[in-house]
Amino acid sequence: MSRTLSFALVAGEASGDILGAALIREIKAHHPDARCYGIGGPLMIAEGFESLFPMERLSVMGLVEVLGRLKELLGIRKQLKETFVSEKPDVFIGIDAPDFNLPLEKFLKSNQIPTVHYVSPQVWAWREGRLKKIRRSVDHMLALLPFEADYYQGHGVPVTFVGHPLADQVAWEPDPLEARRTLGIEEEGAVVALLPGSRKAEVARLGDLFLKTARLLKKDHPDIRFLIPCASEKRKLQLLPMLESFSDLDVTVAVGKASQMMAAANAILIASGTATLEAALHKRPMVISYRMASLSFTILSRLVKVEHVGLPNLLASKPCVPELLQDDATPEKLYEAMTQALDDQVWRNHLVQEFTEIHKTLKRDASALAYQAVMSVVGKYDATE
């Protein structure tokens, strides 16, 4: 194509920013002058993306929590509709955030703008009724996980299993010593990475909990060091006041160092989400935890049809790592699980084998496959205009 292409993208959180940045790099490799715009985070912006709104405004989790931000979210979506219909991008790519993106995709598709959804909504886990909405809204689905592609194919939704860009980026055998040297920390001694999430509400609920767990671990490992990678400068500023009550802990906090800190760690205490997949790709033992508003958890627990929430457990089709959620997420229970993660070498070796198999499954040159699928729908509605 000789003309300049435009790609509209909307990502709602840090994990989507990773996917979006990798896809934009692939787009720019084929179309250096392409315009990529919409909503994205710092990684996408670093690739030349124009973000019309701060990505953080979309980062909200939980049914009750969304209600408090509903007016603002609807206002942002309304402005995006007006902008995209006016400017007619060649394709719209909604990255995750299905509750925000699917209605936007439905509207754009009805206005002859091709739509791609990147990261399958977990209809196989809950709210299967969304399948009809997805068919009406999405021209092509990009699935990160193999069983998702099988599911959508079986329900008549055009889909491509692309794997995950992180599986292409993370080394088969990450080097913890090199990671520690890069971070400027001592090569010897126990290191634990704490990842309380990328959203404000997650850090509010899990930050103090994870630090209390760290204090318990320090009793058994007096020289233990803790690493906290923050998704943004705002999350770092949110976390720093919490650390004032934990001056007895050796804690390093940094923005944008998640990969290095995971690689440097002996074990990871982590919020449920896409980051658990990255931890698995780094072949690190982990404990998954999460808390949300009580009402949201009660409603979701009745709707969800799967036994596990952590991606490593879902991909392995069995419980590989502990999941301590809501009322089970206490410092004492997390301490017990993290002690196993640090000290049980047999279990650690078993996890390396499981995580290596996951890595093999997901390493597919995801961004190249995603780009090809995106381009397959460009121009889909030209003949009908």
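These legends accompany several close-up views of a predicted model.

**View 1. A patch of positive charge on the surface.**
Five residues come together here: Lys106, Lys132, Lys133, Arg135 and Arg136 form a patch of positive charge on the surface. If you want a landmark, look for helix H6, residues 130-137, which supplies the largest share of the patch with four residues. Lys132 is a good residue to pick out, as its place is in helix H6. Is Lys132 buried or exposed? Lys132 is exposed, because its relative accessible area is 58%, and exposed means over 50%.

**View 2. Strand E5, covered on both faces.**
Strand E5 takes in residues 115-118, and both of its faces are covered. Thr115 and His117 sit on one side, while Val116 and Tyr118 sit on the other, and all of these are buried. Next, find strand E4, residues 91-95: E4 and E5 run parallel and are joined by four bridges. Which residue of E5 is the bridge partner of Ile93? The partner is Val116, which belongs to the side of E5 that also holds Tyr118.

**View 3. Arg35 meets Glu50.**
Side chains of opposite charge can pair when their charged atoms come close. The structure holds 18 salt bridges, and a few of them appear in this view and the next ones. Here the side chains of Arg35 and Glu50 meet in a salt bridge, 3.2 Å from N to O. The pair links distant parts of the chain, with Arg35 in strand E2 (residues 35-40) and Glu50 in strand E3 (residues 50-54), 15 residues apart. Arg35 counts as partly exposed, at 30% relative accessibility. Glu50 is partly exposed too, with a relative accessible area of 35%.

**View 4. Lys380 and Asp139.**
In this salt bridge, the closest N and O atoms of Lys380 and Asp139 are 2.8 Å apart. Lys380 lies in the segment after helix H18 (366-377) and Asp139 in the loop between H6 and strand E6 (140-143), so the pair ties together parts that are 241 residues apart in sequence. How do the two partners sit in the model? Lys380 counts as partly exposed at 45% relative accessibility, whereas Asp139 is buried, with a relative accessible area of 4%. Asp139 counts as buried because its 4% falls under the 20% cut-off.

**View 5. Arg215 and Asp248.**
A salt bridge forms where the side chains of Arg215 and Asp248 meet, 2.8 Å from N to O. Arg215 is found in helix H10 (residues 200-220), and Asp248 in the loop between helix H11 (233-243) and strand E10 (250-255), so this pair ties together parts that are 33 residues apart in sequence. Arg215 is partly exposed, with a relative accessible area of 30%. For Asp248, also partly exposed, the value is 36%.

**View 6. A network of salt bridges.**
Which residues are linked in a network of salt bridges? Look for Glu13, Arg199 and Glu202, which are joined to one another in this way.

**View 7. Ala29 in helix H1.**
Our last stop is Ala29, placed in helix H1, residues 14-30. Ala29 is exposed, with a relative accessible area of 60%. To get a feel for distances in the model, compare Ala29 with Lys219: they are 190 residues apart in sequence, and their C-alpha atoms are 51 Å apart in space.

Definitions and conventions
Residues numbered from 1 in each chain as written. Predicted model: local features only at pLDDT ≥ 70, side-chain atom pairs only at ≥ 80, totals over all residues. Heavy atoms only, no water. Patch = residues over 30% accessible without salt bridge, like charges linked within 9 Å, V, L, I, M, F, W, Y side chains within 5 Å. Areas by Shrake-Rupley, 256 points an atom, 1.4 Å probe, with all protein chains shown as cover. Salt bridge = Lys/Arg side-chain N within 4 Å of Asp/Glu carboxyl O. Lys, Arg positive; Asp, Glu negative; His and termini not counted. Charge placed at Lys NZ, Arg CZ, Asp CG, Glu CD. Helix = DSSP H or I, 4+ residues; strand = E, 2+ residues; numbered from the N terminus. Buried < 20%, exposed > 50% of the residue type's maximum accessible area, 1.4 Å probe, protein only. Pairing = 2+ DSSP bridges.
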